[in-house]
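Colleague: I'm new to this one. Could you walk me through it, and tell me how each label is earned?

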2 protein chains.
Amino acid sequence: MKRVVVIGGGTGVFNVLTGLKKYPFHLTAIVTVSDNGGSSGILREEFGVLPPGDVRRALVALSSSSTPLLAKLFNYRFKDGESLKGHSFGNLFLTALERITGDFSSAVKEAGRILGVKGEVIPVSLDKTRLFAELENGYLVVGETNIDVPKHDGNLKIKRVFLNPPAKANPEAIAAIKKADVIIIGPGDLYTSIVPNFLVRRIKQAIKSSSATKIYICNIMTKYGETTGFTARDFLTIIEKYLGKGVLDYFIVNKELPQSRYLKKYQKEQAQVVSFSPKDFVAELQHKKKPQIILANLLRQGKLLRHDPQKLAKVLAKIIEK
Amino acid sequence: MKRVVVIGGGTGVFNVLTGLKKYPFHLTAIVTVSDNGGSSGILREEFGVLPPGDVRRALVALSSSSTPLLAKLFNYRFKDGESLKGHSFGNLFLTALERITGDFSSAVKEAGRILGVKGEVIPVSLDKTRLFAELENGYLVVGETNIDVPKHDGNLKIKRVFLNPPAKANPEAIAAIKKADVIIIGPGDLYTSIVPNFLVRRIKQAIKSSSATKIYICNIMTKYGETTGFTARDFLTIIEKYLGKGVLDYFIVNKELPQSRYLKKYQKEQAQVVSFSPKDFVAELQHKKKPQIILANLLRQGKLLRHDPQKLAKVLAKIIEK
């Protein structure tokens with residue numbers, strides 16, 4: 001069975017896993033643990049645990065169809081109650097499990113067992129760390145949530161991101177990358193869900209030296225403050241900056257346009273459809289240079305413009321089965 | 001398979017179920033839902049859900065041995081975190097499940113399925129109600145928690161307890177009582193875990209008209225403010241007051257004395273060993289009157305003086321298997 005490793009965080013990874021789950025691949029999700037917002041942020045602050053949000057989403061994506069209620073429960077967010085409002089039940093589940101088992105890694109494994117997960121979910125690191133972004137004006141933004149929803153001028157470009165304190169790789173993440181036949185990166189928030197994985201020590205090197213086929217999936221929409229005005233070329237450039245040039249084998253870009261009624265909400269948020277210009281990829285399109293570009297209709301039309309898990313999985317499966 | 005129904009609440013029912021679980025009986029726990037203290041109280045207040053505490057304990061007692069971690073998780077209480085401190089994880093689990101499934105009864109069933117429960121747990125009522133106690137001086141105490149840990153003079157006797165608003169029986173509780181071969185009542189806090197069940201409409205009548213063998217298990221210790229100074233006779237008298245005379249077939253009383261070192265904590269709480277005087281039970285001991293008295297060594301020596309689940313189950317099994 002082909003071993004597929006998906007690297008990222010948030011709903012991007014969720015959609016990739018949800019789609020690929022139906023294929024006969026061995027799936028491993030490697031997810032970020034530098035979230036500090038919302039329910040994860042509170043638990044991190046008050047309990048000193050690793051932020052469980054990204055792990056939770058990956059677990060739910062891979063959960064067995066025989067436990068639909070447990071998966072629903074895991075994603076349930078308390079809507080009332082002074083003390084519980086906003087908390088995701090799955091986050092509380094992982095927090096309590098971490099307390100009982102004594103460490104986050106065991107907690108994730110046990111949660112996977114309880115949810116009947118098909119495959120594995122591996123936190124990229126077990127170290128407590130924070131994500132910093134340096135803006136083009138030299139300012140530092142601290143914490144994923146402040147990068148994600150900028151309180152600063154979102155038109156300012158991010159110059160670089162880094163983790164502090166530095167984080168060691170989870171040995172299980174390294175092992176999974178080594179054994180992988182295919183590594184899928186993204187989609188997801190570039191600086192808060194994708195790049196943070198490469199900032200963890202030894203991860204970048206493990207990916208580079210792996211013999212796996214490496215795929216990067218470009219986002220559908222830009223995000224204000226993170227990727228304002230980004231084209232597909234810009235996304236690829238940033239990934240290559242952090243991962244190295246010539247590492248990726250495939251670059252998957254959506255070419256399906258959203259219906260205009262779904263774009264209004266995004267316009268308010270100053271987010272646009274990620275554009276693709278063939279002239280930005282002359283060498284790649286002529287196969288003179290890696291990565292190979294794959295343009296496909298990958299959109300799920302809806303209020304939230306995301307990759308359609310089935311469409312995306314179909315394109316991915318073709319590459320994986322090669 | 002003999003159908004055994006255990007009626008009560010709190011740790012008393014937990015111990016009975018834990019012991020009986022190893023025998024080939026079909027077990028059903030019918031538990032109180034008038035708790036308003038601690039984690040249950042907060043959830044009740046903030047979410048308007050039924051208080052999950054007693055249901056949770058019964059679920060854990062009957063949970064499958066193949067899910068020890070889930071059972072542990074269910075009983076886990078958050079010890080830190082501004083917002084979560086004191087909350088039992090199992091209570092949050094049941095609250096989230098009630099929100100997802102839409103009602104408490106389904107939530108309890110689903111939780112039972114997830115925990116691999118052997119048998120059933122049935123809330124005695126699905127109505128939201130409060131427990132009131134009228135003291136001998138005419139004062140009213142509102143809420144289980146205020147009766148349980150008295151803020152009033154605990155030497156004042158409780159004249160009567162009642163539910164307001166009145167609560168209808170859960171039809172599943174009535175059905176279970178009707179089908180029962182044996183009904184076990186207690187042990188447990190007399191006025192807050194046992195009697196409240198009889199106050200729910202139709203429950204008392206269902207027990208009385210059932211052809212099941214009926215057993216009441218006397219408490220080991222008195223409780224300040226609830227059963228201050230109570231002897232075994234007093235416990236039986238109160239049960240007969242609420243359930244009717246001649247209903248019980250067996251009255252099980254512990255005769256094993258606690259080691260004195262374990263009594264210090266209880267002395268501080270003004271709680272004593274429940275004493276048994278043969279002269280209080282002349283007719284019963286001569287088999288001229290029901291219930292039949294069974295005196296046995298049932299104690300688990302320890303900081304918390306409780307029934308030993310195995311010793312108690314042995315005595316119960318003898319009656320059930322008759």
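**Reading the labels**

Modeller: Happy to, and let's start with helix H2 of chain B, where B:Ser39, B:Ser40, B:Gly41, B:Leu43, B:Arg44 and B:Phe47 are the buried residues. Please keep in mind that this is a predicted model.

Colleague: What covers the buried residues of H2(B)?

Modeller: The cover includes helix H3 (53–62), H5 and strand E4 (130–135) of chain B. Just after H2(B) comes B:Gly48, with a positive phi near 65°.

Colleague: Let's move to another helix. Which residues of helix H8 of chain B are buried?

Modeller: In H8(B), residues 171–179, these are B:Ala173, B:Ile174, B:Ala176 and B:Ile177.

Colleague: How do you know on which side of H8(B) they lie?

Modeller: They span an arc of only 165° around the axis, so they sit on the same side of H8(B). B:Pro171, B:Lys178 and B:Lys179, on the other side, are exposed. The buried residues pack against strands E1 (3–8), E2 (26–31), E3 (120–123) and E7 (182–185), and against helix H10 (203–209), of chain B.

Colleague: What makes B:Lys109 and B:Glu172 a salt bridge?

Modeller: Their closest N and O atoms are 2.8 Å apart, and the cut-off is 4 Å, so the pair qualifies. It links distant parts of the chain, B:Lys109 being in helix H6 and B:Glu172 in helix H8 of chain B, 63 residues apart.

Colleague: Is B:Lys109 called buried, partly exposed or exposed, and why?

Modeller: Its relative accessibility is 39%. Partly exposed is what lies between under 20% and over 50%, so that label applies. B:Glu172 is partly exposed as well, at 31%.

Colleague: Why does A:Ser105 count as buried?

Modeller: A:Ser105 has 9% relative accessibility, and buried means under 20%, so the label follows. This residue is in helix H6 of chain A and touches A:Leu126 and A:Glu172, leaving aside residues up to four places away in sequence.

Colleague: And what is the label for B:Leu126?

Modeller: B:Leu126 is partly exposed, because its relative accessibility is 34%. You'll find B:Leu126 in the loop between E3 and E4 of chain B. Beyond residues up to four places away in sequence, B:Leu126 touches B:Leu50, B:Phe104, B:Ser105, B:Lys168 and B:Asn170.

Colleague: Now chain A again. What makes A:Glu110 and A:Arg113 a pair?

Modeller: Their side chains meet in a salt bridge, 3.2 Å from N to O, which is within the 4 Å limit. Both lie in helix H6 of chain A, three residues apart, about one turn of the helix. A:Arg113 counts as exposed because its relative accessibility is 58%, while A:Glu110 is partly exposed at 21%.

Colleague: How about a pair with a longer distance to check against the cut-off?

Modeller: Try A:Asp280 and A:Lys279, whose closest N and O atoms are 3.9 Å apart. The limit is 4 Å, so this pair counts too. Over all chains, the structure holds 28 salt bridges.

Colleague: How many salt bridges does the rule find across the interface of chain B and chain A?

Modeller: Zero, and zero residue pairs in polar contact, where both residues must have pLDDT 80 or more. On the side of chain B that touches chain A, H5(B) gives the most, with nine residues. That side divides into 16 nonpolar, five polar and six charged residues.

Colleague: How much area is buried between chain B and chain A?

Modeller: About 2,400 Å², with 78% of it from carbon and sulfur atoms. B:Glu46, B:Leu69 and B:Ile100 supply 23% of the area chain B buries against chain A, more than any other three residues.

How values were computed. Residues are numbered from 1 along each chain as its sequence is written. Chains are lettered from A and ligands numbered from 1 in the order in which they are written. This is a predicted model: local features need pLDDT of at least 70, side-chain atom pairs count only at pLDDT 80 or more; totals for chains, interfaces and linings use all residues. Side-chain values use heavy atoms; hydrogens and water are left out. Buried means under 20% relative accessible area, exposed over 50%, partly exposed in between (1.4 Å probe, protein chains only). Helices (H or I, at least four residues) and strands (E, at least two) are DSSP runs, numbered from the N terminus. The arc is that of the directions from the helix axis to the C-beta atoms. Contact means heavy atoms within 4.5 Å. Buried area is the accessible area (1.4 Å probe) that two parts lose on being put together, summed over both. A polar contact is a pair of N or O atoms within 3.5 Å; within protein, one must be able to donate a hydrogen and the other to accept it, and residues adjacent in sequence count only if both atoms are side-chain atoms. Ala, Val, Leu, Ile, Met, Phe, Trp, Tyr, Cys and Pro count as nonpolar, Asp, Glu, Lys and Arg as charged, and the others, Gly among them, as polar.
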